[in-house]
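Me: Please take a close look at one part of this structure, a helix and what covers it, and then connect that part to the helix packing elsewhere.

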Amino acid sequence: MHPILAQLRRLLFYLLGWIPLAGMLAYLLAVPGNLSWFEAVTVSSILCLLYAFVCLAAWYPCMATPLERSSISRFLFTHVVGAAVASALWLVATRVLGRMLSGFDEFRGISVQLTQDYPLIFGTGVLLYLLAVGFHYVLLAVEASREAEARVMQASVLAREAELRALKAQVNPHFLFNSLNSISALTTSDAVKAREMCILLGDFLRRTLGLGEKVAIPLEEEMSLIHAFLAVEKIRYGARLQMDETIDKEALEAHVPPLLLQPLVENAVGHGIANLIEGGWIRLSAARRDGELDIVVENLFDPDAPPRRRSGVGLANVRQRLQTRYGNRAKFATSIDGATFRVSISLPVEIKERVS
Amino acid sequence: MTVEPGKKIRTVIVDDEDLARQVLREFLSKHPEIEIVAECANGFQAVKCAAELEPDLLFLDIQMPKLDGFEVLELIGANRAVIFVTAYDTFAIRAFEVHAVDYLLKPVSGERFNAALQRAEERLSGKTPSAPVAAMELAASARPPSHYLDRIPVRDGTSVFIIPVAKLDYAEAQDDYVALVSGGKKHLKQQTISNLESALDPSRFLRIHRSYIVNLERVIKIEPFGKDTHVAVLSGGVQLPVSRAGHARLRAFLDR
């Protein structure tokens, strides 16, 4: 479909662009030519309106002769022939118009007078057509760049979505390996506890699998996922791991992206508690304030702990997910206060009707 | 180190998780030739146990509080049999480069455990040659080039000090040792100065002399000393000799 004919707005703008051209033609017909101003304006208006549509046909030769992939000879041949044909058609139209108008009293003898202007009209027709060719090439270039831009946008959106899906589906495999090792230890010493741990681990895994598809879940659901995770870790770390929660009732119904907080708690365990001989606490607090949900995850850590690989990846992921989803409306900050590591998040409160 | 036939293999288990130690203890209980002399829950304890008890065999977790498994091995010396036990498969190459007997992945299977133990017993009975090269030489070579030390663990008897490299003023070669000077205190470590040099970030530390590596942040000025030589004056007032080659390197660094 022709891009100008596709939208009425564009067509109107295009025709507006022809008004000065019609004015120029009228001038040529009246001043160096031999028509009166009234005759010149009438003839040129009708002719230009017609020719405006004829020139739209330049779109097709332009498409068939792309600038960067056509030889110069072919380029010249196509458009010169196109201009000659279009202008010849225009001349025929002029002749027919002259005949029709001479029937009116106001335009008596115009047919003969116009015949003298044929060279002028033909030349103008060729120039106007070539102008249209140039215009259509610009149009094509704009379309192409817009398309390329859209493709890039779409690719980046797709990539981001894929990344998020992968993130959401991610369960740290080392958490699994270590948990399985604990279960393996318990099988001989405490079979009941081994079974309990299998069930807890299964519960956690099932919850994370189900979340991959969802865009947002109530904080309450995220918290029960965290409880399942900590229940497993509690068996591994025993008394070394203490959890402390302060969560407002109204914060629980606010929606958060799934698995947003679980990696933070996992980080707190892996980089904080795991490095402390006597263990330590993790504190999670959430509150609603002026349409914002403020969440703080704090944990003790050992500033002199051996350096760990991959540290910071989990935090960077959370930060990026917040940025992608909320842009400037979400805040993410980390701070160190003595032996306490703190992640503070604030995001706009979203509450959805419960869909069952 | 070899164990005479008929004598029990003195073994230490190091893991910060009680349940992980429990599995190893259970597997080991089926081997009468093994005597568990200690269980440690962190790196510091492990170094202390190794120094006091001189075990033949260690089961070492890698990620632990205070010191990681590689740092423990570096401090206790490589001349004993070590089996790493970890959930991470990413350290395997490094583990063999520090001449670990084996590398077990959690969850550990009984069969795989027995195979590892057999290899350890072979090494201890002298059937296979033990590691000829010091563990830390290889630990340094196994380090990816972009990853330099950010702390140096040092052992003094049974206690361990950790020197963050930012607090290291300079290092001085002393026979088979390097003296690491930090805040006016000297710590001796069994390591060659070249080895230490290769483990430190070259944009922060420079070998200014055959026997000296200096922390560039501590250097206040360089003064001529004698005909061909210079001295570097550090912020604490200490003066270190600078060789001709060292001076060229120092100039190149300062001109940059």
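Reply: In this predicted model, the buried residues of α10 in chain A are covered by a set of elements that includes the helices α9 (219-237) and α11 (313-326), together with the strands β2 (241-247), β4 (280-289), β5 (292-300) and β7 (340-348), which also belong to chain A. The helix itself spans residues 262-272 and is mostly covered, since 9 of its 11 residues are buried. Going along α10(A), the buried residues are A:Q262, then A:L264 and A:V265, and after these A:N267, A:A268, A:V269, A:G270, A:H271 and A:G272.

A second place to look in chain A is where two of its helices pack against each other. Two packed helices are described by the angle between their axes and the distance between the axes. For helix α2 (residues 37-56) and helix α4 (residues 72-102) of chain A, the axes come within 10 Å and cross at roughly 145°, and the crossing is right-handed. On the side of α2(A), the residues that take part are A:V43, A:I46, A:L47, A:L50, A:Y51, A:V54 and A:C55, and they meet A:A86, A:L89, A:W90, A:A93, A:T94 and A:L97 in α4(A). Sorted by class, this contact has 12 nonpolar residues, 1 polar residue and no charged ones.

Helix packing also occurs between the chains, where 23 residues of chain A are in contact with 22 residues of chain B. The element that gives the most to chain A's side of this contact is helix α7 (residues 173-189), with 11 residues, and that side as a whole has 10 nonpolar, 9 polar and 4 charged residues.

One partner of α7(A) is helix α1 (residues 18-28) of chain B, and the two pack at an angle of about 55° with their axes 8 Å apart, so that α7(A) and α1(B) are oblique to each other. Their crossing is left-handed. The residues that make the contact are A:N181, A:S182, A:S184, A:A185, A:L186, A:T188 and A:S189 from α7(A), and B:L19, B:A20, B:Q22, B:V23 and B:E26 from α1(B). By class, the contact of α7(A) with α1(B) has 5 nonpolar, 6 polar and 1 charged residues.

Chain B, to which α1(B) belongs, has a secondary structure of 8 helices and 15 strands, and buried residues make up 43% of its 256 residues. Among the contacts in chain B between residues at least 6 apart in sequence, 53% join residues at least 24 apart.

Terms used:
Residues are numbered from 1 along each chain as its sequence is written. Chains are lettered from A and ligands numbered from 1 in the order in which they are written. This is a predicted model: local features need pLDDT of at least 70, side-chain atom pairs count only at pLDDT 80 or more; totals for chains, interfaces and linings use all residues. Two residues are in contact if their C-beta atoms, placed from the backbone, lie within 7 Å. Helices (H or I, at least four residues) and strands (E, at least two) are DSSP runs, numbered from the N terminus. Ala, Val, Leu, Ile, Met, Phe, Trp, Tyr, Cys and Pro count as nonpolar, Asp, Glu, Lys and Arg as charged, and the others, Gly among them, as polar. A residue is buried if 20 or more other C-beta atoms lie within 10 Å of its own, exposed if 12 or fewer, and partly exposed in between; C-beta atoms are placed from the backbone. Axes are lines fitted to C-alpha atoms, for helices over the stretch in contact, and angles run from 0 to 180 degrees between N-to-C directions. Angles under 35 degrees count as roughly parallel, over 145 as roughly antiparallel, 65 to 115 as roughly perpendicular and the rest as oblique. A crossing is left-handed if the near helix is turned anticlockwise from the far one by less than a right angle, and right-handed if clockwise.
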